Each structure stands twice: as C-alpha cells, then as structure tokens.
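Reader: Hello! Could you take one part of this model and walk me slowly through the charged side chains there?

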Amino acid sequence: MNRVFRAFILLIPVVCLSVAAFGQNERHPRKYVPPPPTSRVEVTVVKAWNGRPILNAAVVFRPSQNGKDQGSLELKTNEEGKAELDLIPTGSKLRLQVIAKGFQTYGDDYVVDSPTKTIVIKMNKPTKLYSIYDQPAGNNTKDAPAGSVPDATDPKQMPPDHAAPPPAGEAKPGSEPQSPPK
C-alpha cells in the first residue's frame, strides 16, 4: 500500500504537466503586440483678452492614425485651465475641440510628433451672429429700410413681374371678366 501511495504522489505532477501542455495550441500561439508609444498632450485654455485660465472648459481629444479614427475622450480643465492626457499615440493626428460657456467654440488639428506636446488655446467672446435681415436691401426693395420685409400687397415695394394680385371681383388687364362665385 505504501508503494501505491508513493506512485500516486509521483504521478500527480506528471499528469498536471501533461494537461497543461495539452491545453496549449501549437498551431495558433498568441503573439504579443506591444502598444504604440504614446505622447503626453497638455492643453491650457485661457481668455484671449487677459490670459486668465478658464475653469471647467470641455476639451475633446480625437486622435486618428493612418486615417483611422481612434475614438474620442473629453476632459474638463482644472483651476489652472489645464487638461492633460498621456494616451495619444505618437505620430498621430489630433483633432482638438474646446467648448466653454460664454466663449466661441474652438477647433483645430494638430500633429503629435514628439513625446510631449503643449498647446495654449486663447478663447474669444462670441461675436454677433450673421443674419440676412441685417444686410442692406437688394434691388427689389429700394425704398425699404435695411432689415425690412417687402409688403406683397403694395405694388411699389414689389418688382414689376411680382405685382400684387387684383382685389377679388376685379379683372386683370387683358383678361375676360369673371362672374362672381356662386
């Protein structure tokens, strides 16, 4: 009995090693692919007119490599107006967008070609929006002030080919008289 117990004890490691070797697939071994080298990108967001930092500005990082989008990540700026990220692959193109309440939205593309990249963004106040009603009047409304809409019932404000229709019951020049509707 003592011999059987010793043989059993000696067979346990042999069985375990053979099971481990059987579990590995020799035809498709797993190949290790190291991750690409990454760069540290530090973005500082400040006010354009005085250089003071902007707190809680949203900084959106969108890297792309070889024309393939690598996803996006949004960070908020800290008290110093900084947002730092060290996951951008070196040699990639970085599309950067900054959104802050009370400021114009900023966007630009950068090439991350060094281990560290520092970007300072100066944010401006919003400008007046463009409107067609604020433009000078065209040829059709010579007498109308800028920003007004021509009155379709006044033939003086409309061009000759867009004259107002005659009132109900009156005939157009050169047409037959119409009888009133029944």
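Author: Happy to. One definition is needed before we begin: a salt bridge here is a side-chain nitrogen of Lys or Arg within 4 Å of a carboxyl oxygen of Asp or Glu. Please keep in mind that this is a predicted model. With that cut-off, K93 and D109 form a salt bridge, their closest N and O atoms being 3.7 Å apart. K93 belongs to strand β6 and D109 to strand β7, so this pair ties together parts of the chain that are 16 residues apart in sequence.

Now for the setting of that pair. Strand β6 covers residues 92–99 and strand β7 covers residues 106–112; the two run antiparallel and are paired over seven bridges. One place to see the pairing is V98, whose bridge partner in β7 is Y106. The hairpin has six residues between its strands, and G102 there adopts a positive phi near 90 degrees.

Back to the charges. D109 also meets the side chain of R95 in a salt bridge, with an N to O distance of 2.7 Å. This pair again links distant parts of the chain: R95 sits in strand β6 and D109 in strand β7, 14 residues apart. Taken together, K93, R95 and D109 are linked in a network of salt bridges. In general, side chains of opposite charge can pair when their charged atoms come close.

How buried or exposed are these three residues? K93 has a relative accessible area of 40%, so it counts as partly exposed. R95 is partly exposed as well, at 45% relative accessibility. D109, with 29%, is also classed as partly exposed. The class applies because each value falls between the limits of 20% and 50%.

To place this network in the wider model, a search of the whole structure turns up four salt bridges. Among them is the one between R40 and E84, where the closest N and O atoms are 2.5 Å apart. This pair, too, links distant parts of the chain: R40 is in strand β1 (residues 38–47) and E84 in strand β5 (residues 82–89), with their positions 44 residues apart in the numbering. R40 is partly exposed at 36% relative accessibility, and E84 is partly exposed at 38%.

If you go back to the hairpin with the viewer open, D109 in β7 is a good place to start: from there you can follow one salt bridge to K93 and another to R95.

Note on methods:
Residues are numbered from 1 along each chain as its sequence is written. This is a predicted model: local features need pLDDT of at least 70, side-chain atom pairs count only at pLDDT 80 or more; totals for chains, interfaces and linings use all residues. Side-chain values use heavy atoms; hydrogens and water are left out. Two strands pair if DSSP finds at least two bridges between them. Helices (H or I, at least four residues) and strands (E, at least two) are DSSP runs, numbered from the N terminus. Buried means under 20% relative accessible area, exposed over 50%, partly exposed in between (1.4 Å probe, protein chains only).
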